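User: Could you take a close look at the largest pocket for me? I'd like to know what lines it.

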Amino acid sequence: MITREKIYLDAENLFLLALDLFLIAEIMDHTYFPMPSEINNTMKLISVVLVIIKILWDFKLKENYISLSSFIILTIFISISILSALNIRNDQPIITAILIMGARKVDFIKILKHFAVVASFCLLITFIAYFLGIANSPVLVRDGVIRYTFGYKWPTDLAELITFILMSELYICMHRKKRLSFRIPIYIIVGLFSYYVINARLASTAIFVLIPLSLFYKSKIFQKSKLVKSILVLFMPICVLLSIFLVTLYTRFPKSIFLVNLDNLLSYRLYLEVTGVKLYGYTIFGQNIVDDYIVRFHNSWFYIDSSYYIFLLEYGIALLIFLCMIYIVFVKRCLQIQEHILAIMLSISCIIGLVAQVWYLPEYNIFLLSFFSIIENKLKI
């Protein structure tokens, strides 16, 4: 006899299998490991198909139908994502949306465990391949300092992946009320490795503050301060507005000593964002700026590192506003059910989004999948 619990479990396992395939395909695609593109694309396609099947499977039981409010939210989300993907000629927004929706009714702790294991395994394989001479990465130098990537394509992305692995492990640890004492030296060592060997200065900062920020929720300031909780609820919009403010300021005062030094600290991210704004401007539903830049300037090197400016210039303002609204409602409800550590992890991911392009990539920011996983399992919106 097929019970409701068995259907839920089978659907959950199907999603976790799809997630594993997706993570392997996407993470290895960010390395110099010689995985044939045909295998990579096939794994990615299979994972997306499996998630879609899981989404449809969710409705096998009559009791599993979503509420009208959830249905409206999901419909708006998928519609904006499809429109964005069509305009930029890239499937990233729609794939991310599918994975976020597919995490509905899946235990978020299991999602984090799978991410931590699979991502660590992919890094281990890449590192081994690098030392064996199989995954040869070019020498990258910044300000006269060699940046080692050990077979990964970009040093900042490598450091961010390590950061999110640590965040996942830390969330599980704190959720199960395990001791953090022995983890502190590990985080310090990994942070120093990220700073001095990978030379990812900004990413290293996130590693160093993980445990202090995670312990912050136990303090009296956090427990009693409505201001602190309000800031957490509005943290993503605040980060978005901060990004816009800095770029606008740099546009108006490009010779400001403070802004020039800040831009240098940020590895010229402000300059590239200002260049993008001047060339293309903001867009409501997305635009393909990468291909246009290659055609116009015959140069394949043009990137925007800030996750929020990827939305403003490429994915579209509509999708960014929608995600900000979901973020506000979600974090507010998380604080109401004492999911304080998740609210803090989400705020850390938003800080990372200021300087890295990985915020809306599930192979890095696995906490994106908490939105509908936690909502359906605990919040019941």
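Analyst: Happy to help; here is a walk through that pocket and its lining. This is a predicted model, so local features need pLDDT of at least 70 and side-chain atom pairs count only at pLDDT 80 or more, while totals for chains, interfaces and linings use all residues. Residues are numbered from 1 along each chain as its sequence is written, and side-chain values use heavy atoms, without hydrogens and water.

The largest pocket holds about 1,600 Å³ of space. Its lining has 50 residues, and W154, D157, Y303, D305 and Q357 are the closest to the centre. A pocket here is an open set of points on a 1 Å grid over the protein atoms alone, where a 1.4 Å probe fits, with protein on both sides within 12 Å along at least five of seven lines; lining residues have an atom within 4 Å of a point. Grid points are joined across faces, edges and corners, and the volume is the space filled by probe spheres set on the points.

Several elements each supply at least two lining residues: helix 1 (4-29), helix 2 (37-57), strand 1 (140-142), helix 6 (155-175), helix 14 (289-297) and helix 15 (307-315). Helix 15 gives the most, with 5 residues. Helices (H or I, at least four residues) and strands (E, at least two) are DSSP runs, numbered from the N terminus.

By class, the lining has 21 nonpolar, 13 polar and 16 charged residues. Ala, Val, Leu, Ile, Met, Phe, Trp, Tyr, Cys and Pro count as nonpolar, Asp, Glu, Lys and Arg as charged, and the others, Gly among them, as polar.

For context, the second largest pocket holds about 390 Å³, and its lining has 16 nonpolar, 3 polar and 3 charged residues.
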